[in-house]
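I opened this model with a short list of things to look up, and I am jotting the answers down as I go.

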Amino acid sequence: MTPTVDAVVVGSGVNGLVAAAELAQGGWSVALVEGAGRLGGFIAGEERTLPGYLHDTYSSWHPLFVSGGAYAALGPDLHRHGLRYRNTDGLVAGTVTDEGRVLLAHRDAAATAEAFGHAEDRAGYLAVLRRFLDNADAVGGILGGEPRSPGALRNVVKLLRRERLRGTEAWLRDAVTSGRSYCRSAFRGDEPDLLWAPWLLHAGLAPDQAAGGLMLPVLAATLHGFGLPVVAGGAQNFVRAFEALLRERGADIRTGQPVERLLLADGRVTGVITGDGTVRARHAVLASVTPAALYGRLLPPDAPVPPAVRDQARRYRPGRAAMQIHVALSAPLRWHDERLADVPLIHLSDGSASTAIACAEAEAGLLPRRPTVVVGQQYVLDPSRVPQGAAALWIQLQELPYEPAGDAAGELGAGGRWTKELTEGYVRRVLARIARHAPDLPDKLLAWDALTPSDLAVHNPNAVAGDPYGGSAELDQSLLWRPLPAAARHATPVPGLWHIGASTHPGPGLGGGSGHMVAQRLLRGTRRGSRR
């Protein structure tokens, strides 16, 4: 028999998990269909180097999740199924420049600002955070809600009432300003730029791209407010909690079943076809896929999709590629600045200066000479991840070409693909950058494992060209225009079909925002007696 459920969710990244869990919580019957052999997308925990060393394979930090609507709706039940977080009330993040200068971010914003060299910057930094917190409901509603909706207009009106026309216009100006320009105009010294400009990479941006001026205060306020929580025992426990919750609520979980195409009847989506058969949907199909996959592969040619939508989907741009490196250490590193031993996440960067150059080199198809190196020390928060007395590094690189045409340093032979030799050479460059500030790294290094841009693309079909963020987050492909100017709402032009995932608003990250928005929209429709 062909199973029939109220909703089919395609893809089990964070947005698919959230959508399926919230719909099931609301009384819907749900099938969660995943092409890979396991749930979670870019959420996984594995022993990738040596036995006893548990690494978060891809994503790791959860401030966006614990601060969002999905966690508010599902958190108690997820904790009931074993989800636990480890966090810090002290040091959160830091930046180390090439010259060894260190800037540190504390949970306490005032303690962070104390290290700024100019009194006006110390006061200005706190004022920037207060401004965001005073308007967090309106700004957060705009950034985290359906952008083309009455709700968005209500948040704009709320902002106008509080900030008046001039203040609201300042928010708009920030949204079209780059992170580098914002720091130059808002601060006299370079400390805020050094500390926060590298964080733009985690939003899929470069220091000279628009929207950075808006994202910098958002990122800073989020880390001050919510820290850098990691899942106790590894990221796989996040997925396990969701799976247990879904099974408790009767969801039909299907892994290893890639969706081949969507079923249509009378112009409406009515289910999905996988290699193992058909699953029908009474009311909705939610697809966590890229625009190209949705409009170019899954929907049949006769689906009621405007030509402009299909054309824009073909031209949807991926962002820069990324790489993950996992390192097993015999003991914690001895950093030149001893304070770094207690910092969960460290950026090796000269702020906008070096990060912008590395982004430009990657965009030009070159391996960056001085990449921004993101060094995670999760064991500082969760010692259970490593053997007693040992340590591990979670290293992320977000400024890479998918098909490297050359090396900006002129040292590595790059022939357009990530070979074993090229990967090993680039890993050596990255580890050498860390060793400049922690010279005992070579002596304590036991093993390393790398996931290249090619590996990311193979693991997750949404990581087109090795981009883990579901597409470029430049302003023309964000907010009102994400994923497509002609189809920017989560409700697609095809009745019954909803688009979720990192390629849709509010974009990449572990917040689960699009899954939460669509699930709540469908549940509201149920309460009103209509289901689109």
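**Entry 1: the largest cavity**

I started with the lining of the largest cavity, which by class has six nonpolar, five polar and two charged residues. A reminder to myself: this is a predicted model, and everything below is computed from it. The volume of this largest cavity comes out at about 90 Å³. I then asked which of its 13 lining residues are closest to the centre, and got Gly204, Arg320, Gln398, Asp467 and Tyr469. How many cavities of 30 Å³ or more are there? The count is three.

**Entry 2: the second largest pocket**

Next I went to the second largest pocket, at about 520 Å³. It is lined by 18 residues, and the closest to its centre are Ile142, Val156, Leu172, Ala175 and Leu479. Two elements give two or more residues to this lining, namely helix H6 (136-144) and helix H7 (150-175). I wanted to know which one gives the largest share, and H7 does, with seven residues. By class I noted 16 nonpolar residues, two polar and no charged in the lining of this pocket.

I picked out Val156 for a second look. Val156 sits in helix H7. Is Val156 buried or exposed? Neither, as it turns out: its relative accessibility is 33%, so I put it down as partly exposed. I also checked Val156 against Val139, 17 residues away along the chain, and their C-alpha atoms are separated by 8.2 Å.

**Entry 3: cysteines**

I looked for disulfides and wrote down zero. Why is Cys183 not in one? The closest cysteine sulfur belongs to Cys359 and is 15 Å away, whereas a disulfide needs the two sulfur atoms within 2.5 Å, so the distance is too far for a bond. Going the other way gives me the matching answer: Cys359 is in no disulfide, and its nearest cysteine sulfur is that of Cys183, at 15 Å. I checked burial for both. Cys183 is buried at a relative accessible area of 5%, and Cys359 is buried too, at 3%.

**Entry 4: strands E6, E7 and E14**

I moved on to strand E6 (residues 91-96), where six of six residues are buried, so I noted E6 as mostly covered. Which way does E6 pair with strand E7 (residues 102-106), parallel or antiparallel? The sense is antiparallel, over five bridges. For the register I wrote down two pairs: Gly94 stands opposite Leu104 in E7, and Val96 stands opposite Val102 in E7.

The link between E6 and E7 is a hairpin with five residues between the strands. I looked at Gly100 in that turn and found a positive phi of about 95°. As for the cover over E7, four of its five residues are buried, so E7 is largely enclosed by the rest of the structure.

E6 also pairs with strand E14 (residues 345-348), this time in the parallel sense, over four bridges. Here Gly94 turns up again, opposite Ile346 in E14.

**Entry 5: helix H11**

I ran a length check on helix H11 (residues 236-248). Its 13 residues, at 1.5 Å a residue, should span 18 Å, and because the end C-alpha atoms are 18 Å apart, the two values agree. The buried residues of H11 are Gln236, Asn237, Phe238, Val239, Ala241, Phe242, Leu245 and Leu246. I kept a general point beside that list: an α-helix has 3.6 residues a turn, so residues three or four places apart point the same way. After H11 comes Gly250, and I noted its positive phi, near 80°.

**Entry 6: a loop glycine**

Last, I looked up Gly189. Where is Gly189 found? It is in the loop between helix H8 (179-186) and helix H9 (191-196). With a relative accessible area of 17%, Gly189 falls under the 20% cut-off and so counts as buried. I also took the distance from Gly189 to Ala435: they are 246 residues apart in sequence, and 28 Å apart in space from C-alpha to C-alpha.

Terms used: Residues numbered from 1 in each chain as written. Predicted model: local features only at pLDDT ≥ 70, side-chain atom pairs only at ≥ 80, totals over all residues. Heavy atoms only, no water. 1 Å grid on protein atoms, 1.4 Å probe; cavity = no way out; pocket = protein on both sides within 12 Å on 5 of 7 lines; lining within 4 Å. Points joined across faces, edges and corners; volume = space filled by probe spheres on them. Nonpolar A, V, L, I, M, F, W, Y, C, P; charged D, E, K, R; others polar. Buried < 20%, exposed > 50% of the residue type's maximum accessible area, 1.4 Å probe, protein only. Expected span 1.5 Å × (residues − 1). Pairing = 2+ DSSP bridges.
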